[in-house]
Amino acid sequence: MPKPLLDIKNLMTQFTLKKSVLPAVKGISFTVEQGETVCIVGESGCGKSITALSVMGLLPKNASIASGSIDFNGTELTKLSNEEMRKIRGNNISMIFQEPMTALNPVFSVGFQLREVLINHMNISKREAHKRGIQLLKQVEISSPEKRMHQFPHELSGGMRQRVMIAMALACNPDLLIADEPTTALDVTIQAQILELIQDLKEKFNMSVVLITHDMGVVAQVADRVIVMYAGEIIEEGDVESIFNNPQHPYTEGLLQSVPHVDAETVTLEPIPGSLPNLNDKITGCAFHPRCKYVMEKCKKEKPSRFTMIPHHKTTCWLQEVNRDDPKKVIN
Ligand code: SF4
């Protein structure tokens, strides 16, 4: 079997405050294969963005990787210097964010910013970079690309700014694109167009994509595989069909029920009660137990083990060893 493009093992990322250390990502492991789209899903604050920033080497100043490894195509990213990591970013791994204005510089034209990326990473002339910039804008289906090169970010719509960000991310043909909530700030129609664009480009360039989202509708549209995170841990992982048709973890079940279901007359929505624990909350046993409708005594005391009850589908939940309808009955 070919080696995965990205292989994360026991990654722990923490925030260091004046008097305490807060774990944000608690020893997670997962892989991303060549050409695969993996969606990392969970509520805000579950650790999904910090996981992405750990891979990119873009953690905030007070955060750091405490342990674990991030193998990208045979290179151990956690051991690289800032300079080596800068080369990987843009050349091999690119990231797009929810709000393009945080990544685009408002005082420079789109063309200037695209040319800068191309000149820095591809070592080409300004003239070549300009031509390549226009091609990239065409690739992300921006109309009148020559004209857009001279415009400033504030002169473009939200959807168009996100397309420019994607063009910049693709500038050096990355092997891996990480997209953190890329469509959350956009309206539904534009959202669908951007997701379709990411999928098309992924297929065209045989990239791998890690898409971070809280929206199971987005997951359904693009994922090959799904990783569900809760309180800094992976609590369920599987192929998209398996996760949607046969969710095993109560939290995943809750996420799926919190997507609007529309029948002929009504729209139903069942939000998950309660909220995600804070990073400094000390919860024994299963971190989801205060919110779980299936909670058992064991859940409050012991951290759940990882079970693989369905092939390629792993779940961290004690329900896997009992009968859901009769929690006293152990499944053999
Ligand atoms: Fe619920 Fe227990 Fe499973 Fe945690 S381990 S999700 S509390 S049933």
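## Fold, ligand site and buried glutamines

Biologist: In this protein, what share of the contacts with a separation of 6 or more comes from residues 24 or more positions apart?

Modeller: Contact here means heavy atoms within 4.5 Å. Among the contacts in the protein with a separation of 6 or more, residues 24 or more positions apart account for 63%.

Biologist: What kind of model is this, and how are its residues numbered?

Modeller: The model is predicted, with local features needing pLDDT of at least 70 and side-chain atom pairs counting only at pLDDT 80 or more, while totals for chains, interfaces and linings use all residues. Side-chain values use heavy atoms, with hydrogens and water left out, and residues are numbered along each chain as its sequence is written, from 1.

Biologist: Which radius of gyration does the protein have, and why does it agree with a compact globule?

Modeller: The radius of gyration is taken over C-alpha atoms, and the globule rule is 2.2 Å times the number of residues to the power 0.38. With 332 residues, a compact globule would come out near 20 Å, so there is agreement with the protein's value of 21 Å.

Biologist: Which residues surround the ligand, counted by class?

Modeller: Ala, Val, Leu, Ile, Met, Phe, Trp, Tyr, Cys and Pro count as nonpolar, Asp, Glu, Lys and Arg as charged, and the others, Gly among them, as polar. The surrounding residues (a heavy atom within 4 Å of the ligand) include His-249, Cys-286, His-289, Cys-292, Cys-299, Cys-317 and Trp-318. By class, the shell has 10 nonpolar, 2 polar and no charged residues.

Biologist: Is Gln-162 buried or exposed?

Modeller: Gln-162 lies in helix H7, residues 158-170 (helices are DSSP runs of H or I with at least four residues, numbered from the N terminus). Leaving out residues up to four places away in sequence, Gln-162 touches Ile-96, Phe-97, Gln-98, Pro-100, Pro-182, Leu-186 and Ile-194. Buried means under 20% relative accessible area and exposed over 50%, with partly exposed in between (1.4 Å probe, protein chains only). Because its relative accessible area is 1%, Gln-162 is buried.

Biologist: Which residues does Gln-199 contact, beyond its neighbours within four places in sequence?

Modeller: Gln-199 is part of helix H8, which spans residues 188-205, and at 17% relative accessibility it counts as buried. Apart from those sequence neighbours, its contacts are Thr-37 and Val-222.

Biologist: Which residues of helix H2 are buried?

Modeller: Helix H2 covers residues 82-91, and the cover over its buried residues includes helix H1 (48-56) and helix H4 (110-122). The buried residues themselves are Met-85, Ile-88, Arg-89 and Gly-90.

Definitions and conventions
Helices (H or I, at least four residues) and strands (E, at least two) are DSSP runs, numbered from the N terminus.
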